[in-house]
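Here are my notes for you to read with the model open beside you. Take the points one at a time and find each residue as you go.

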Amino acid sequence: MIKAGIIGGSGYTGGELIRLLLHHPSATLDFVFSTTRAGTSISETHTDLLGTTTLKFTDKVNPDADVIFLCLGHGNSTQFLQDHSFSEKTRIIDLSNDFRLGKQNTLDKRSFVYGLPELRKEEICKAKNVANPGCFATAIQLALLPLAKAQMLNHEVHINATTGSTGAGVSLSNTTHYSWRENNMSHYKAFIHQHLDEINESLEHFQPQKGKLRFIPNRGNFTRGIWATAYTRFEGKQEEADALYKDYYKDEPFTHVSEKAISLKPVINSNNCHLNLLVHDGVLLIASAIDNLLKGASGQAVQNMNLMFGLPEGEGLHLKSSIF
Ligand SMILES: NC(=O)c1ccc[n+]([C@@H]2O[C@H](COP(=O)([O-])OP(=O)(O)OC[C@H]3O[C@@H](n4cnc5c(N)ncnc54)[C@H](OP(=O)(O)O)[C@@H]3O)[C@@H](O)[C@H]2O)c1
């Protein structure tokens, strides 16, 4: 069994990892580190786990764990790794953006592979450390990678994506407060969202001279999920677009192309990404739906762990979506 540790266990992605790893057939939850809850029962914080685990949060790490998941805010992962040492065999999967970009993917002797299996599966299988992608970044890259690989991102791409409130983490803020969020909608960081850097880096891996991305992120009044649409000029026919995407994702267990219109709820509580394409009047519209906490974070982190340890890619990730 793989001995796994979680750092930042009281947060949303930490909680999702606890839920996934408690039921993973090849991993055991060795410790769950928390700066704010050490000594208390995990089920006091993650109340759905009452009766499932009697584990407590701890303020000690096991330096010999086989894998640790860092579920901390941006900048805190680097600090944590500077303050705590782990054995050379310990693999690290970081969910923050500290190590995602090529220019900042090393810390001391550790270098991190960008953990999007649909782009870097071979490298992830050999990696000691993985930088898990951002949630918007996952939904948008999965919507655009086949076009970049085919050198078809030759014009501006207009992207609009809406996230649920869990995308902003567990701490309360004005825009995650129920009174603000309920029955409300807004955009933020228009054209400058931080995930653009990793999205551009991945797309330019295939097509260095591509069209510019124009990205408008929105806050939705639901708790989980990302609904992204992107459109750009496209000279081909509907069948050609469908064939291009189906071919790119033909061996992928979690990314599926639907010929029928999609919606968000069928992917919630699953590690799936659903894609749908619509060609109209020289334009291709791509819709992409994921659960921000699963394919956008903790589910993808377990997918990466499976690949790094030579396990079946979907182990522990056969989840039931909550469609109703
Ligand atoms: N939420 C998403 O949909 C999503 C998706 C993809 C990636 N991510 C990324 O994943 C990371 C975690 O996100 P999250 O949504 O789980 O955040 P979160 O709910 O805010 O949880 C972060 C946890 O980090 C710990 N923490 C807070 N401040 C800290 C500090 N100064 N030093 C050390 N630990 C600190 C706390 O846990 P303890 O008190 O238990 O230590 C806190 O609960 C972030 O980098 C985020 O950008 C999030």
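1. Start with helix α7, and keep in mind that you are looking at a predicted model. Which residues of α7 are buried? They are His195, Leu196, Glu198, Ile199, Asn200, Ser202, Leu203 and Phe206. The cover over these buried residues includes β7 (113–114), α4 (117–126), α5 (135–149), β11 and α8 (238–248).

2. Now follow the chain out of α7 (195–206) into the loop that leads to β11 (213–219), where you'll find Gly211. Gly211 has a relative accessibility of 9%, so it counts as buried. Beyond its close sequence neighbours (up to four places away), Gly211 touches Leu153, Asn154, His155 and Glu156. Have a look at Met152 as well: it sits 59 residues from Gly211 along the chain, yet their C-alpha atoms are separated by 9.1 Å.

3. Lys212 is in the loop between α7 and β11 too. Is Lys212 buried or exposed? Its relative accessible area is 52%, so Lys212 is exposed; the cut-off for that word is over 50%. Setting aside neighbours within four places in sequence, Lys212 is in contact with His155, Glu156 and Val157. Measure from C-alpha to C-alpha and you'll get 8.6 Å between Lys212 and Asn154, a pair that is 58 residues apart in sequence.

4. Next, go to strand β9 (residues 157–163) and pick out Thr163. With 5% relative accessibility, Thr163 counts as buried. What does Thr163 contact, once neighbours within four places in sequence are left aside? The list is Phe136, Arg181, Tyr188, Asn218, Arg219, Gly220, Phe222, Gly225 and Ile226.

5. Over to helix α3 (residues 76–83), where Ser77, Phe80 and Leu81 are buried. Look down the axis of α3 and you'll see these buried residues fall within an arc of 95°, so they line one face of the helix. If you wonder why such a pattern can arise, an α-helix has 3.6 residues a turn, so residues three or four places apart point the same way. The buried residues of α3 pack against β1 (2–7), β2 (27–33), β3 (67–70), β4 (91–94) and β5 (106–107). Turn the helix round, and the face pointing away from the buried side carries exposed Gln82 and Asp83.

6. Now the ligand. Which residues come nearest to it? Of the 25 around the ligand, those are Ser10, Thr13, Ser34, Thr36 and Leu72. Then check the distances to ligand oxygen atoms: a backbone N or O atom of Thr35 lies 2.8 Å from one, a polar side-chain atom of His74 is 3.1 Å from one, and a polar side-chain atom of Asn292 is 2.8 Å from one. On its own the ligand has 900 Å² of accessible area, and the protein covers 79% of that.

7. Thr53 is worth a stop, in the loop between α2 (42–45) and β3. Thr53 counts as buried because its relative accessibility is 12%. Its side chain reaches the backbone nitrogen of Leu55 at 3.0 Å. Apart from neighbours within four places in sequence, Thr53 is in contact with Leu22, Ile42 and Ser43.

8. How many disulfides are there? The count is zero. For Cys71, the nearest cysteine sulfur belongs to Cys135 and is 13 Å away, whereas a disulfide needs the two sulfur atoms within 2.5 Å. Cys135 is in no disulfide either, with the nearest cysteine sulfur, that of Cys273, 13 Å away. Cys71 counts as buried at 11% relative accessibility, and Cys135 counts as buried at 15%.

9. Last, two backbone angles to check. Gln151, in the loop between α5 and β9, has a positive phi near 60° without being a glycine. Asn269 is not a glycine either, and its phi is positive at about 70°; look for Asn269 in the loop between β13 (255–258) and β14 (273–280). Gln151 is partly exposed, with a relative accessible area of 39%, and Asn269 counts as partly exposed at 27% relative accessibility.

Note on methods: Residues are numbered from 1 along each chain as its sequence is written. This is a predicted model: local features need pLDDT of at least 70, side-chain atom pairs count only at pLDDT 80 or more; totals for chains, interfaces and linings use all residues. Side-chain values use heavy atoms; hydrogens and water are left out. Buried means under 20% relative accessible area, exposed over 50%, partly exposed in between (1.4 Å probe, protein chains only). Helices (H or I, at least four residues) and strands (E, at least two) are DSSP runs, numbered from the N terminus. The arc is that of the directions from the helix axis to the C-beta atoms. Contact means heavy atoms within 4.5 Å. A residue is near a molecule or strand if one of its heavy atoms lies within 4 Å of it. A polar contact is a pair of N or O atoms within 3.5 Å; within protein, one must be able to donate a hydrogen and the other to accept it, and residues adjacent in sequence count only if both atoms are side-chain atoms. Accessible areas come from the Shrake-Rupley method with a 1.4 Å probe; for residues, only the protein chains shown count as cover.
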